[in-house]
Every structure is written in C-alpha cells, then in structure tokens.
Amino acid sequence: LTREYEVGVDLSFLKDRLVTSFTYYNDFTHNLITAIPVPPSTGYTSEYTNVGDISNKGEELSIRGTPISTKWGLKWDIFGTYTHNVNDVESLNGGVSQLAVGNTFQGMAIVAAVGHPYGTFYASDITYWNGHAVVDPTTGLPIPTTKPVLRGSFLPKFQASWGTDVSYKGLKLHALFVTKQGGQF
C-alpha cells in the first residue's frame, strides 16, 4: 500500500521559448513486497514477502530554453534536468533492524536496514585501532571485522542531465550529458 502526495508547477515564458517544471513528492509504502533470499535447501532461491515500510521524498526540476528559432527552419534548444530522492527504510516486520534483500557475495550483502536507504551494502572491513589497520603478526594481513559494517548505498545523491538539440529542415544533432553523483558499487 502506497500513500503519496505530489505538488508541482509548470511555467512557460516568451511564447514557450523558456519552459520550466518543478515537482516535489512524498510517498510512504506500507508492507513493501519484495523477494528475499532463502536457503537453497528449500528448493527455491527467494521468497516474496512483506518486509516493512519505506518512505521516499524528493524533487524533480527541468528547464528548456530555445535561444534560436528562425522562420527558415533553424532551431537550437538547450535543456537540463535535476532529480533528488531521499529513500529511507522506516521499519521492518518481525522487529528486526536489518534484512538481507539480495544474495550475499564474498561477505557483502545488500540489505534493508532501518534508518538507511533501501539497498544498503554491509560487508566485512578491516579492523582499525586509533586510525591504523590491525595486522595479524603471523600472516602480515589486516584482520577483518567480526561483523559486517555499513559500506554505503547504491542510490545516488542526485541525478542531473544537460543537453542540446540543433535542428535544420528535418536534420537534428543531439547531445546529452548525464551524471549520477554519489552512490557506491
């Protein structure tokens, strides 16, 4: 079940040569259904179940301008977008604080953890003491942590794009630059 509200505004100026749109949204999903891994001995790889409550809040902004538009068919458009989403696991069913939602691979798991974005990574790390790695004196290798630690989320802080179109009598040249900032893989 998802409860959502969204407000936005679309503005157009100079006979549609400058157009902008802004949207703010806030949604809350109760009893999110997702596949969670199960032991292979069950004969299955995953089970669909209600895992918990998740919220999303964010903004979307787009702008488009046409600096050149001639009666003989030459047109130049410039456009850009910006999106920002804050995702948060509000609670998990069964009173747990985290739940693996992806397969564990070499000590790393993708989890839903209360107070963090959905799809947070937990993995082994190196044990530190006073800011220095603790090394096993026999092997000379760093000693791993005994429990997985928070490593981050794959969700970007924001996404943006900037592009341009130049067209003349049915021919069009298009360029687009896209960035995702933040997030870890």
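# A tour of strands, a surface patch and salt bridges

Start at the hairpin formed by strands S1 and S2, which has four residues between the two strands. Pick Leu14 in the turn: its phi is positive, at about 55 degrees. Keep in mind that this is a predicted model.

**Stop 1: the paired strands**

Select residues 2–13 for S1 and residues 18–37 for S2. The two strands run antiparallel and pair over 12 bridges. For one of these pairings, click Tyr5, whose bridge partner in S2 is Asn26.

Now add residues 46–69, which make up strand S3. S2 pairs with S3 too, again in the antiparallel sense, over 18 bridges. Select Leu32 and look across to S3, where Gly52 is its bridge partner.

**Stop 2: Thr29**

Stay on strand S2 and select Thr29. Is Thr29 buried or exposed? Thr29 counts as buried because its relative accessible area is 13%, and the cut-off for buried is under 20%.

Show the side chain of Thr29 together with that of Thr2. The two side chains make a polar contact at 3.1 Å. Next, display the neighbours. Leaving aside residues up to four places away in sequence, Thr29 touches Leu1, Thr2, Gly52, Asp53 and Ile54. Draw a distance from Thr29 to Gly52, C-alpha to C-alpha: the gap is 8.3 Å. Along the chain, these two residues are 23 residues apart.

**Stop 3: the nonpolar patch**

Switch to a surface view. Select Val9, Leu11, Phe13, Leu14, Leu18, Phe22, Leu61, Ile63, Tyr82, Trp162 and Phe177. Together they form a nonpolar patch on the surface, with about 1,000 Å² of accessible area. S1, S2 and S3 are the elements that each give two or more residues to this patch. Which element gives the most? It is S1, with three residues.

Leu14, from the turn of the hairpin, is one of the patch residues. Pause on Phe22 as well, another patch member. Phe22 sits in strand S2. Phe22 is partly exposed, at 35% relative accessibility.

**Stop 4: a salt-bridge network**

Now turn to the charged side chains. Side chains of opposite charge can pair when their charged atoms come close. How many salt bridges are there? The count is three.

Select Asp77 and Arg64. Their side chains meet in a salt bridge, 3.6 Å from N to O. Asp77 is in strand S4 (residues 74–92) and Arg64 is in strand S3, so the pair links distant parts of the chain, 13 residues apart. The two ends differ in cover: Asp77 is buried at 10% relative accessibility, whereas Arg64 is partly exposed at 34%.

Keep Asp77 selected and add Lys75. These side chains form another salt bridge, at 4.0 Å from N to O. Lys75 is partly exposed, with 35% relative accessibility. Show the three residues at once: Arg64, Lys75 and Asp77 are linked in a network of salt bridges.

**Stop 5: Arg151 and Asp125**

Finish with Arg151 and Asp125, which form a salt bridge whose closest N and O atoms are 3.1 Å apart. Arg151 lies in strand S10 (residues 149–153). Asp125 lies in the loop between strand S7 (120–123) and strand S8 (128–129). The pair therefore ties together parts that are 26 residues apart in sequence. Arg151 is partly exposed, with a relative accessible area of 40%. Asp125 is partly exposed as well, at 22%.

Technical notes: Residues numbered from 1 in each chain as written. Predicted model: local features only at pLDDT ≥ 70, side-chain atom pairs only at ≥ 80, totals over all residues. Heavy atoms only, no water. Pairing = 2+ DSSP bridges. Patch = residues over 30% accessible without salt bridge, like charges linked within 9 Å, V, L, I, M, F, W, Y side chains within 5 Å. Areas by Shrake-Rupley, 256 points an atom, 1.4 Å probe, with all protein chains shown as cover. Buried < 20%, exposed > 50% of the residue type's maximum accessible area, 1.4 Å probe, protein only. Polar contact = N/O pair within 3.5 Å; in protein donor to acceptor, adjacent residues only side chain to side chain. Contact = heavy atoms within 4.5 Å.
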